[in-house]
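Got the viewer open? Let's take a walk through this one, one selection at a time.

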Amino acid sequence: MKTLWNNYRYLILRRISQISILVLYFGANAWGWKILQGNLSSSKILGLIPMSDPYAVLQMLFAGAVLAGDLLLGVAIIVVFYMLIGGRAFCSWVCPINMITDLANYLREKTGINKVKGIKQPASRNLRYWVLGLSLIISTLMGVAAFEFISPISMVHRGIVFGLGFGWAAMLVIFLFDLFVLKNGWCGHICPLGGFYSIIGRFSLIRVHHDAEKCTGCMDCKVVCPENQVLSMINKESLPVLSGECTNCARCIEVCNDDALGFSIKNLSKNNKTGE
Amino acid sequence: MSSINPQKEERKMKKEPESDRRKFILNMARGVGIATLSGFIWSAYVDEAKASQLTLRPPGALKEEDFLKTCIKCGLCVEACPYDTLLLAKPGDDKPLGTPYFIPRDVPCYMCTDIPCVPVCPTEALDKNSLMTDGKLDINIADMGVAVIDDQSCIAFWGIQCDACYRACPILGEAITVEYSKNERTGKHAFLKPIVHADKCTGCGMCEQACVTEKAAIFVLPREVALGRAGDYYIKGWDKDDEKRLKNAKEIKTTTEISKRKAQDKLNGDFLEDMY
C-alpha cells in the first residue's frame, strides 16, 4: 500500500484535482453551487474572483473583440498563477483531455504498440506552435476565436458540465489518435493551448529538478514522461527542467527509485548549484 | 590518391551546411503547405459554423457578428438563468459551438426584471448598457428577436376565437394587439386577429410557447432575419421625424447601354428605327 502511494502519489493527486474541478463546475450548473462557476474558458471562484483562459482571450483580441476589464483581470490571475506553478500544470492537473490521452498512452505501453519497431513518430512536437500561429491568423481573418470553435478541450469540458451532445466523438477521436496514430499525439504535438502554456511555462518557478549524482541511468523517467525531450539532462547534469513543455505531471519523480528527481523552486535550486 | 581525398573532403565540408539549409527550407515549406491545407479546412468550418443565422441570443446580446467575436463561451449566463431557458450549444446543435441560445417553443425567456443572465457576462458580449432605461435595468427594451405570425396556420385568422399569444405576451396590448374585423363568411361573427408590433416586441417567445397549433403559428426569429428594411429612398412624407433619414440617402447611378444617350434621343431615334 505504501509503495503504491509512493509510486502513484502525484498521479492520484492529479486525478483528484482534475475530477474535483469537473465536479465543482458540474455542481455549479446542476445544483447552483457557487464555488466554481462557468467553465475552463472563463469562470468565477465564489462568484468573486474572475479567471479567464488567456489563449481564448488572445484569439478574441486577434479577432477584433473589445475586451472587458473583468476579462483582463481574469487573464492576469491565470497567467500569474501558471507562471508560479508551471504553465503546463494546466495540462496535467486541470485539463480533462489529459485523462483520455493518459489512458491511450497507458494502453499503448500495455499492448506493446510502443515497442513495435520500424514505426516512426510521423510528426514534430513543434506542430503545436504552428497550430497556435495558424489559430491566430484564422481568428484575424474570420473575426472569431478560431480554436474555440473546434477545441475538443472545451467541447469535452463543456460537454461534461452542460451536456455532451456529439462531444463524445471528440473524445473518441483523440483517444484513437493517441492510441494508434501518434504517441502523445494530441497533448504532446498538436494542442495549441498546450503550446501556449508551454510559452508561459518558460517563466514558471516550480520545476522538476534533477540530481545527476543520484541518477543510476535506468531511464524509467524518460519512458514514463509524456514530453521526454524535456528530460535531456538525465544522467548528465544536475539541472532543473527548463523547457516550458514540461507539464509538471511528476510522473518522473514517482518512477524514480533513486530519488534523483524532485520538485523545487527554480531560482533557489540555481543558487544551490552555484553554492556547490 | 592522397591529393584527391582532401579535395573530396573539402567538397563534403562545403556541402554539409548547404544541405542543412536545404533541409530547413524544405521543412519550413512542408510546414507552410500543411498549414495552408489545414488553414483552409479550418476556416471553411468556422465560416459554415458562423453562418447559422437562426440563433436566438440572450437579452442584451451584441449584434451577431460582434457577439461571436466577444462571447468566450463560459456558460455563466446559462447558469444564471433561473428557468433553464438558456442553453449552451453543443456539438450536434448546429449552432456556433458553446454559445448561449434558447428555443422559445420549449422554454421561452420569462423576462426577469433583474435580468440575472446579463451582468454575469465577463466579456460584455451581453451588454448591460443596452438594457438600461434611466439608469435601471429594463427587460422591456430587450431585443432578442421578433415574433412573426403565419396567418395561414393561425386559427384566429380562420375566424376561430383564440387569443393565446395575446394573453401570453408580457407586454400585452403593446407588443401584440388584437384587431377586430368582420367575418364576411358567416356575416355575423368577428375575426380577432393578433398583430405583432415589432418596435415593442422583445422576442421573449412566450407567445410561441403558448400557441395552440401543432407547430407554432407565431414564432420568434432574429430581427435581422425577420424584418425588412425600406432603405433611405422611401420616406414617410407625413412624418417630420422620418424626413431626417433623407440625409443618409446617396444618389445611385445605374449605367447601361441605353444610358449612353439622352432619354429623348433614345426615344426619337434608335427606338423608331428599330421598330420600322
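A quick definition before the first stop: a nonpolar core here is a set of buried Ala, Val, Leu, Ile, Met, Phe, Trp, Tyr and Cys residues joined through C-beta atoms within 7 Å. Keep in mind that you're looking at a predicted model.

**Stop 1: the cores.** Select A:Ile97, A:Val144, A:Ala146, B:Cys77, B:Cys117, B:Cys207 and B:Ile218. In the largest nonpolar core, which has 108 residues, these touch the most other members. Now colour helix α6 of chain A, residues 127-142: this helix gives the core its largest share, seven residues. A second core, of 15 residues, lies apart from that one; to find it, pick A:Cys215, A:Cys225, A:Ile234 and A:Leu261, which are among its members.

Back to B:Ile218 for a closer look. What is B:Ile218 in contact with, leaving aside its neighbours within four places in sequence? Show B:Ala147, B:Ile149, B:Cys154, B:Cys165, B:Pro194, B:Cys207, B:Glu208 and B:Cys211, and you have the answer.

**Stop 2: where the chains meet.** Give chains A and B separate colours. Here 44 residues of chain A are in contact with 33 residues of chain B. Chain A's side of this contact is made of 25 nonpolar, 16 polar and three charged residues.

**Stop 3: two domains in chain A.** Select residues 2-199 for domain 1 of chain A and 205-275 for domain 2, following the domain assignment. Their C-alpha centres are 24 Å apart. Domain 1 puts 21 residues into the contact between them, and domain 2 puts in 15 residues. Which helix gives the most to the side of domain 1 that touches domain 2? That's α1(A), with six residues. By class, this side of domain 1 has nine nonpolar, eight polar and four charged residues.

While you're on α1 of chain A (residues 2-30), click A:Arg15, which is found in this helix. Is A:Arg15 buried or exposed? It's partly exposed, because 15 other C-beta atoms lie within 10 Å, and a residue counts as buried at 20 or more and as exposed at 12 or fewer. Draw a distance from A:Arg15 to A:Leu107: their C-alpha atoms are separated by 17 Å, with the two positions 92 residues apart along the chain.

**Stop 4: a sheet.** Finish with the open three-stranded sheet of chain A, ordered β1-β2-β3 with antiparallel pairing. β1 (36-39) and β3 (49-52) are at the edges with a single partner strand each, so one side of each has no neighbour in the sheet. On average, neighbouring strands are turned by 10° against each other, direction ignored. Zoom in on β2 (residues 42-45) of chain A, which four bridges join to β3(A). Then click A:Lys44, whose bridge partner in β3(A) is A:Pro50.

Notes: Residues numbered from 1 in each chain as written. Chains lettered and ligands numbered in written order. Predicted model: local features only at pLDDT ≥ 70, side-chain atom pairs only at ≥ 80, totals over all residues. Helix = DSSP H or I, 4+ residues; strand = E, 2+ residues; numbered from the N terminus. Contact = placed C-beta atoms within 7 Å. Nonpolar A, V, L, I, M, F, W, Y, C, P; charged D, E, K, R; others polar. Domains from an automatic or database assignment. Pairing = 2+ DSSP bridges. Axes fitted to C-alpha atoms, helices over the stretch in contact; angles between N-to-C directions.
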